Amino acid sequence: MTFLTLDKVSHYYFSTSGYTKALDDISLSIEEGEFVSIIGPSGCGKSTILSIIARLMKQTEGEITLKKESLMNSPLNIGYMLQQDYLFPWKTIMANILLGPKVSNNITENTISQARKLLDEVNLKHTEHDYPSELSGGMRQRVALVRTLIKNPEILLFDEPFSALDYVTKLKLENLVAKMMKTYNKTAILVTHDLGEAISMSDRIFLMDATPGKIIKTFFVPKELREEEPFFVRRHPKYQALFDEVWQHLNKEKGMTLHERND
């Protein structure tokens, strides 16, 4: 079932001296439970798309529907996870996780129980009474994931959530996030500059071009890769073929071949 639809969405940033067209005629549909990635050069509007879906801003043109309702009128929860964990240093891990339910005056014994269950699932059960300064960067991002999931969002938006982490931690978190999205049947959109990450975690990949931002190609990740954990996708024979195909399209506008890039 179609879950999220963007229909001819464009967006402009206005200033006293004029305007900049950030997005141009973006149209896409995402199915319920699907994990998609958006890749493209810096400044192509990837994060702008997430900000609009998160209802932090409204698109200038076009329509967005969530389960066939207007996005702005939809009662559905949307989770948003960023590169920084944005945990409050003076609050315990549990207090950080329960911040959303507290703001909405919705903390119950069931909410606390669910928070503990999620902490256990990300192997952080022992950190409930700790403070963010006592945790590593990867552990804090796992806490941020729990904080995002605690309100049971119908769709999750990930804006380069692993980019500040070391490679080993990054791979572990890719596996964890992919597993939890499947376990809880969540619809997810990942914005990333890491092509390997996009291939390893996604069902489909949208490639964007810049000035203004527009979708120029959609790639379907083979079933064999989608059935693997992200860590093992990179070892699969079909991974390199898809990587090369996406890379060639990503650099077509620059006139750069894969051979020249490797040199």
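Helix α1 has K46, T48, I49, L50, S51, I52 and I53 as its buried residues. In this predicted model, α1 spans residues 46–53, and because seven of its eight residues are buried, the helix is largely enclosed by the rest of the structure. Just after α1 comes R55, a residue with a positive phi, near 70°.

**Two domains and their interface**

Let's step back to the overall layout. The domain assignment splits the protein into domain 1, made of 2–76 + 155–260, and domain 2, covering 84–153. Taken over C-alpha atoms, the centres of domain 1 and domain 2 are 26 Å apart.

How many residues of domain 1 are in contact with domain 2? There are 13 residues on the domain 1 side, and they meet 14 residues of domain 2. Interface size is often quoted as the accessible area that is lost when the parts come together. Here domain 1 and domain 2 bury about 1,100 Å² between them, with 69% of that area on carbon and sulfur atoms. Of the area that domain 1 buries against domain 2, M180, Y184 and K186 supply 39%, more than any other three residues.

As for polar pairing, zero salt bridges are found across the interface of domain 1 and domain 2. Five residue pairs are in polar contact between the two domains, both partners being at pLDDT 80 or more. On the side of domain 1 that touches domain 2, the elements giving two or more residues are β7 (155–159) and α6 (167–183). The largest share comes from α6, with six residues. By class, this side of domain 1 has 11 nonpolar residues, one polar and one charged.

**N175 on helix α6**

Helix α6 also holds N175. The side chain of N175 is joined to that of E229 by a polar contact of 3.2 Å. Setting aside neighbours within four places in sequence, N175 is in contact with E229, P230 and F231.

**D85, a buried acid**

Now for a look at another residue with polar partners. D85 lies in the loop between β6 (78–81) and α2 (93–97). Is D85 buried or exposed? D85 has a relative accessible area of 13%, so it counts as buried, the cut-off being under 20%. A polar atom of the D85 side chain lies 2.9 Å from the backbone nitrogen of L87, and the side chains of D85 and R140 make a polar contact of 3.1 Å. Not counting residues up to four places away in sequence, D85 touches R140, Q141, A144 and R147.

The polar distances described for N175 and D85 are set out here.

| Atoms or groups | Distance |
|---|---|
| N175 side chain and E229 side chain | 3.2 Å |
| D85 side chain and L87 backbone nitrogen | 2.9 Å |
| D85 side chain and R140 side chain | 3.1 Å |

**V221 in a loop**

One more residue is worth a visit. V221 sits in the loop between β10 (214–220) and α8 (223–226). With a relative accessible area of 3%, V221 is buried. Which residues does V221 touch, not counting those up to four places away in sequence? They are I199, S202, D203, R204, I205, R226 and L242. V221 and G138 are 83 residues apart in sequence, and their C-alpha atoms are 27 Å apart in space.

How values were computed:
Residues are numbered from 1 along each chain as its sequence is written. Side-chain values use heavy atoms; hydrogens and water are left out. Domain bounds come from an automatic or database domain assignment. Contact means heavy atoms within 4.5 Å. Buried area is the accessible area (1.4 Å probe) that two parts lose on being put together, summed over both. A salt bridge is a side-chain nitrogen of Lys or Arg within 4 Å of a carboxyl oxygen of Asp or Glu. A polar contact is a pair of N or O atoms within 3.5 Å; within protein, one must be able to donate a hydrogen and the other to accept it, and residues adjacent in sequence count only if both atoms are side-chain atoms. Helices (H or I, at least four residues) and strands (E, at least two) are DSSP runs, numbered from the N terminus. Ala, Val, Leu, Ile, Met, Phe, Trp, Tyr, Cys and Pro count as nonpolar, Asp, Glu, Lys and Arg as charged, and the others, Gly among them, as polar. Buried means under 20% relative accessible area, exposed over 50%, partly exposed in between (1.4 Å probe, protein chains only).
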